[in-house]
Amino acid sequence: MNAEILATKWMTPQELKRMVAKDGLIIKKGRFSATESFSVNDAIEEYQRASSFADAELRAVIFPVNERDKDTAFWGRIAKVVPRRSISSVYHYVRRKRHPLKHKGAWGAWEDELLEQSVATHGKAWKVISDLVGRTAEDCRDRYRNCVSQKETRVVGTWAEEEEQLLAHIVTDMTDEGRGIDSDFFWDEASRRMGGRRGRQQCRNKWMDCLSKKMKCAGTNPKWSPRDASILLCKIDLLQAKDDSEIDWKLLHDPDWNLWSPHLLQRRWLTMKKSIHKWQSMPHQSIVDQLRIQQLAIPPPFYPPTPSFSASSKS
DNA sequence: TCGTAGATAAACGATTGTGG
DNA sequence: CCACAATCGTTTATCTACGA
């Protein structure tokens with residue numbers, strides 16, 4: 001019934017939250033995994049076949065000319081194949097993936113200029129601007145927010161020592177003022193306090209990937225060891241995932257074990273994976289097994305228990 | 001020459017605001 | 001009230017410089 005509700009009822013985020021809390025509704029969030037996206041695409045293809053629609057007709061179902069003509073039966077049918085997803089999340093996912101303007105890669109200078117002019121004349125009406133620039137409204141907004149709007153003050157490239165210190169200072173100040181680093185406009189404000197010298201994305205990335213770790217480790221960056229590799233592999237193995245796109249890297253973060261960011265762990269995994277012969281044609285779990293066998297073949301001379309993995313300590 | 005860290009920005013998902 | 005546009009924060013693909 002869980003799937004039934006999620007696939008048929010259009011709910012607001014608040015309603016969803018309520019049902020998760022009160023009725024024990026189980027819901028999956030975050031990126032769509034490889035298997036999920038396969039399921040969705042299969043379902044759409046099957047629908048197209050069953051109703052013998054041409055591509056244009058299918059497009060009209062997903063993007064009706066009059067937005068009021070949303071085909072709820074169609075969306076329900078698609079949503080059913082990804083049981084833990086809300087119908088609205090499937091709707092957004094499919095429409096984003098199949099948007100006619102999607103996937104255009106890096107922005108050219110002329111596009112930036114066009115974007116800037118368009119915003120100057122039309123304001124932040126992203127739907128209008130989207131048509132002028134030829135990118136999705138979302139892409140236009142993101143590009144403007146992160147790059148174009150700050151092009152006068154913003155610099156790119158390696159951070160100077162003073163910049164790092166300044167940012168560290170700003171973040172500590174703002175935290176002391178009682179603002180969480182995930183709160184609204186936190187990084188916009190941090191960027192402002194940097195004098196617009198660095199954008200919000202730059203500031204956040206710098207902090208997350210580098211500075212926060214540095215501060216915890218008193219200025220020295222820890223080294224990735226074979227033992228870390230072994231722990232990572234063990235954690236991945238425990239998940240028993242069908243595919244590595246199922247993995248939520250945030251969940252592998254363990255404050256006791258690592259100061260490694262989720263992104264770093266993911267990249268480590270990728271290089272480990274690539275070391276396996278013919279990894280591209282192998283299922284996820286086989287790669288994991290293969291790697292574990294390799295590790296066992298070269299046992300480390302000494303394997304000290306780590307604080308995070310030894311359940312009982314001296315206490 | 002390969003792996004790694006640093007850095008950037010594109011792509012993304014969830015939530016909020018708003019006009020009909 | 002509902003659907004969409006707008007907006008928020010977050011994740012990740014990709015490039016690059018560099019050192020062993």
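Select Arg268 and DNA strand B: a polar side-chain atom of Arg268 lies 2.3 Å from a phosphate oxygen of the strand, a polar contact (a pair of N or O atoms within 3.5 Å). This is a predicted model, in which local features need pLDDT of at least 70 and side-chain atom pairs count only at pLDDT 80 or more, while totals for chains, interfaces and linings use all residues. Residues are numbered from 1 along each chain as its sequence is written, chains are lettered from A and ligands numbered from 1 in the order in which they are written, and side-chain values use heavy atoms, without hydrogens and water.

Next, select Arg154, which places a polar side-chain atom 2.9 Å from a phosphate oxygen of DNA strand B. For Arg198, the corresponding distance to a phosphate oxygen of DNA strand B is 2.9 Å.

Now display every residue near the strand (one heavy atom within 4 Å of it). Of these 34 residues, Arg96, Gly157, Gln201, Lys206 and Arg268 come nearest. The surface divides into seven nonpolar, 13 polar and 14 charged residues; Asp, Glu, Lys and Arg count as charged, Ala, Val, Leu, Ile, Met, Phe, Trp, Tyr, Cys and Pro as nonpolar, and the others, Gly among them, as polar. On the DNA side, 66% of the strand B atoms within 4 Å of the protein belong to sugar or phosphate and the rest to bases.

Finally, select helix 13 (residues 226-239) and helix 14, whose axes come within 11 Å and cross at roughly 90°. Ala229, Leu232, Leu233 and Ile236 in helix 13 meet Leu265, Arg268, Trp269 and Met272 in helix 14, with contact meaning heavy atoms within 4.5 Å. The residues of this contact comprise seven nonpolar, no polar and one charged.

Conventions:
A polar contact is a pair of N or O atoms within 3.5 Å; within protein, one must be able to donate a hydrogen and the other to accept it, and residues adjacent in sequence count only if both atoms are side-chain atoms. Axes are lines fitted to C-alpha atoms, for helices over the stretch in contact, and angles run from 0 to 180 degrees between N-to-C directions. Helices (H or I, at least four residues) and strands (E, at least two) are DSSP runs, numbered from the N terminus.
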